There are 4 protein chains.
Amino acid sequence: MSFSEAMLDKHSSLWSTMLEHPFLVETRDGELSEETFNTWLKQDYLFVKAAIPFIGQLISKGPDAHRRALGDIIPALNDELELFEERASTLGVDVTDVEPGFTNHAYIQHLKSTGGTSSYEEAFTVYYAAEKAYHESWKVVGEGLDEDSQWYPFVENWAGEEFGQLVNYLESEVNQLAKNSSPKVKKKMERRFTETTKYEIAFWEMAYNGPEWPGTEWGS
Amino acid sequence: MSFSEAMLDKHSSLWSTMLEHPFLVETRDGELSEETFNTWLKQDYLFVKAAIPFIGQLISKGPDAHRRALGDIIPALNDELELFEERASTLGVDVTDVEPGFTNHAYIQHLKSTGGTSSYEEAFTVYYAAEKAYHESWKVVGEGLDEDSQWYPFVENWAGEEFGQLVNYLESEVNQLAKNSSPKVKKKMERRFTETTKYEIAFWEMAYNGPEWPGTEWGS
Amino acid sequence: MSFSEAMLDKHSSLWSTMLEHPFLVETRDGELSEETFNTWLKQDYLFVKAAIPFIGQLISKGPDAHRRALGDIIPALNDELELFEERASTLGVDVTDVEPGFTNHAYIQHLKSTGGTSSYEEAFTVYYAAEKAYHESWKVVGEGLDEDSQWYPFVENWAGEEFGQLVNYLESEVNQLAKNSSPKVKKKMERRFTETTKYEIAFWEMAYNGPEWPGTEWGS
Amino acid sequence: MSFSEAMLDKHSSLWSTMLEHPFLVETRDGELSEETFNTWLKQDYLFVKAAIPFIGQLISKGPDAHRRALGDIIPALNDELELFEERASTLGVDVTDVEPGFTNHAYIQHLKSTGGTSSYEEAFTVYYAAEKAYHESWKVVGEGLDEDSQWYPFVENWAGEEFGQLVNYLESEVNQLAKNSSPKVKKKMERRFTETTKYEIAFWEMAYNGPEWPGTEWGS
């Protein structure tokens, strides 16, 4: 059994919690409010921006064989940012001056921290888990969302074939990395897989419930 | 006005929110449950452990003039861990096998990320803010907690004179760094100050309300 | 006076030492041996490979405004590697299994070290200095080398207009960075400029005299 | 056979080249000029300074079990710097304003680069190799140098029992790390071992022949 199969099997309940999150389900069923969607839109724009330096960190650590593929991801993420800007403009949302919600800030620090201080195997696992999660999450949305929806371009972007090929590539490479790794490293990769899945869940939760930082309501 | 004075003045409301957090107030007033205190104890033990590599990152970036002082912090943190272990043993709490709560994980990634990828000025500001916050937070607790309390050694550790001298040193050095920095860097230092204060608040909140990761309750 | 003008003026003697290096002069005048050129070819192929993770480090640290430009450099470096492979094949040189010479190893560590542990301003200065040096060095070669030479494609690559535009961009950005930096940071940028120029000189020297590691001849 | 035994056996010729370097042999035999020794003294003072941030990097990456030991190395290196300052003062040498020679700069970048961007296993191997090399090199000197020599305190420092215990600790830990590592990682550790030994040889060579940067003599 490959690493990715083992992870998705062993942590299937965590994975289902993510795919059944009310944000996804309600977006799929046309029941999500615009305001809630826009919270996601604004926060995720910041997150995608932060993914670019993370890919830079992966490039700085990766083997020669990964550099061309990773190098092509940076322009792809720049294009993704343009999709956000174009959608934001269409939907009348301002993404230029957004403060990161708590979970978003934390997830971005998770990227930067693993990119900067963990092994390549671990950092690559974080990236794989995040992209796999987005591919599958937006496939859930795509099962019901009207193709005429203003939100549908995001389904096309992440649930589509091109992105699916990237996820397949990441999956086959993460499996290769795991295969060549010691049990100790493999265990760390598993930890990164579950952590990242939990950050993904927390991100949907933040989009659904708002970007506030915990405890700030105690202020008099 | 020094950088630290400017920060504590401009963000006094955020700072008060922290110092008035119910965890601190109830600990001071002898109203906190043992269970809640133990949640903090277990989580903070993990956090202090994570502070050691963060100091390593500071040492790797800092000027010659800081190396002796920073070098002395590592043994001090190792001693702090022993205080936790000794208290945990007295209180019958197991700190050996704790999973980080969401906010704890996030705050640790915040340390690692700024330590690994931000400028020394920013990373040093994070450290100053975190230690200043702990010094003042435990001074709040010390205003009321019975000296015979099993929890009092933590007051002695962080509200005491020796730790106070460390905080004074960090304060004078962060002010010096700010003084020699461009406006652009100073603005980033301010951002690190407010972020770190908000992580501190979130940490008390996690201790008070539990270490769960957001959204995991959706799982069927 | 801009930062780059100040540097090239103040350190003009160091810069001239580089541009008058016998490797460049003899290549220009058709007097360099094939063997010596091939030493350069093999070593520089390794160096360009190492530049890719360095650009990854820059991407991981740079401001939003630089990310698209830096992101485009990775595919350009991958293309540059193909130029090396194609030339090597034409010239009958094997670049697949080269051990780095001492100076090459050292210069690569210089890239990785500044990319990983110095400020963005310093790391960007290293990159600017290295590319500026290559642009001007190969313009020297271009002043005399026969356009039919097997080596001429390297002149076209680095002395040409497209690369010149990249160097202009880097120059204007390094000047902007310097302008917004404190005197302390600017002084560090100057140090990186001179260090990198000295590594460039040492690199030509290694190509000219051989890639041996110092002192290994003492072995009995 | 442990990793360290395998390395010292397989690369015994490289290791002998180091231990038979004329700098060591002539220092041992009382034949080295003061000027040459002082070149070493000044350059190595800079190198030891640079070792402190490198240990910071190790602390930032290492397992919990290494943190106390690594934390104790920082104060030890600060003491070592005081030995240099005291000896320099006695010998009438100014170590306060030294520019790094080429090989010294390169070796420092090697530390910073592996500390910042390589795996812990690799960075720890660099540290082990460097300290093992110094222990054995100064044991060579100690075989002949008069105990009344002004230089003898360096023999006491590095060839002595206390330092020997540190080297033993590093050796047993590097062997443990290798034992738990995949063949791929072990191969990288070997590369770091040989590279670092070659930097050590180059360092003695620089002390012996002078700190100039290659090629700078071409300047008109």
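User: Which residue of chain A does Arg191(B) form a salt bridge with?
Analyst: This is a predicted model, so we're talking about computed positions here. A salt bridge calls for a side-chain nitrogen of Lys or Arg within 4 Å of a carboxyl oxygen of Asp or Glu. The closest N and O atoms of this pair are 3.2 Å apart, and the partner of Arg191(B) is Glu99(A).

User: How many salt bridges are there across the interface of chain A and chain B?
Analyst: Arg191(B) with Glu99(A) is a salt bridge between these chains. Polar contacts are counted separately, and there we get ten residue pairs, both residues at pLDDT 80 or more. For salt bridges across the interface of chain A and chain B, the count is two.

User: Which helix gives the largest share of the side of chain A that touches chain B?
Analyst: Two helices of chain A, α6 (102–117) and α10 (183–209), each put at least two residues into that side. By class, the side has ten nonpolar, 14 polar and nine charged residues. The largest share is ten residues, and they come from α6(A).

User: What area do chain A and chain B bury between them?
Analyst: The contact pairs up 33 residues of chain A with 34 residues of chain B. Carbon and sulfur atoms account for 58% of the buried area. On chain A's part, Gln109(A), Trp213(A) and Trp218(A) supply 19% of what that chain buries against chain B, more than any other three residues. The area between the two chains comes to about 2800 Å².

User: Which residue of chain A has the C-alpha nearest the axis that relates chain A to chain B?
Analyst: Chain A lays on chain B with an RMSD of 0.0 Å after a turn of 180 degrees and a shift of 0.0 Å along the axis. The two copies are therefore related as by a two-fold rotation axis. They also use the same surface, with 100% of the contact residues of chain A recurring in chain B. The C-alpha nearest that axis lies 2.1 Å from it and belongs to Ser113(A).

User: Now the other contact: how many salt bridges does the rule find across the interface of chain C and chain A?
Analyst: One pair here is Asp79(C) with Arg68(A), whose closest N and O atoms are 3.8 Å apart. That counts because the cut-off is 4 Å. Polar contacts between chain C and chain A add up to eight residue pairs, both at pLDDT 80 or more. For salt bridges, the rule finds six.

User: Which helix gives the most to the side of chain C that touches chain A?
Analyst: Both α4 (34–61) and α5 (64–91) of chain C bring at least two residues to that side. Sorted by class, the side has four nonpolar, five polar and six charged residues. The top giver, with eight residues, is α5(C).

User: What area is buried between chain C and chain A?
Analyst: Each chain brings 15 residues to this contact. Pro53(C), Arg67(C) and Arg68(C) supply 34% of the area that chain C buries against chain A, more than any other three residues. Carbon and sulfur atoms give 57% of the total, which is about 1400 Å².

User: Which residue of chain C has the C-alpha nearest the axis relating chain C to chain A?
Analyst: Chain C superposes on chain A by a rotation of 180 degrees with 0.0 Å of shift along its axis, at an RMSD of 0.0 Å. The copies meet through the same surface, because 100% of the interface residues of chain C are also interface residues in chain A. At 2.0 Å from the axis, the nearest C-alpha in chain C is that of Gly56(C).

Methods
Residues numbered from 1 in each chain as written. Chains lettered and ligands numbered in written order. Predicted model: local features only at pLDDT ≥ 70, side-chain atom pairs only at ≥ 80, totals over all residues. Heavy atoms only, no water. Contact = heavy atoms within 4.5 Å. Buried area = accessible area lost by both parts, 1.4 Å probe. Polar contact = N/O pair within 3.5 Å; in protein donor to acceptor, adjacent residues only side chain to side chain. Helix = DSSP H or I, 4+ residues; strand = E, 2+ residues; numbered from the N terminus. Nonpolar A, V, L, I, M, F, W, Y, C, P; charged D, E, K, R; others polar. Least-squares fit on C-alpha atoms with pLDDT ≥ 70 in both.
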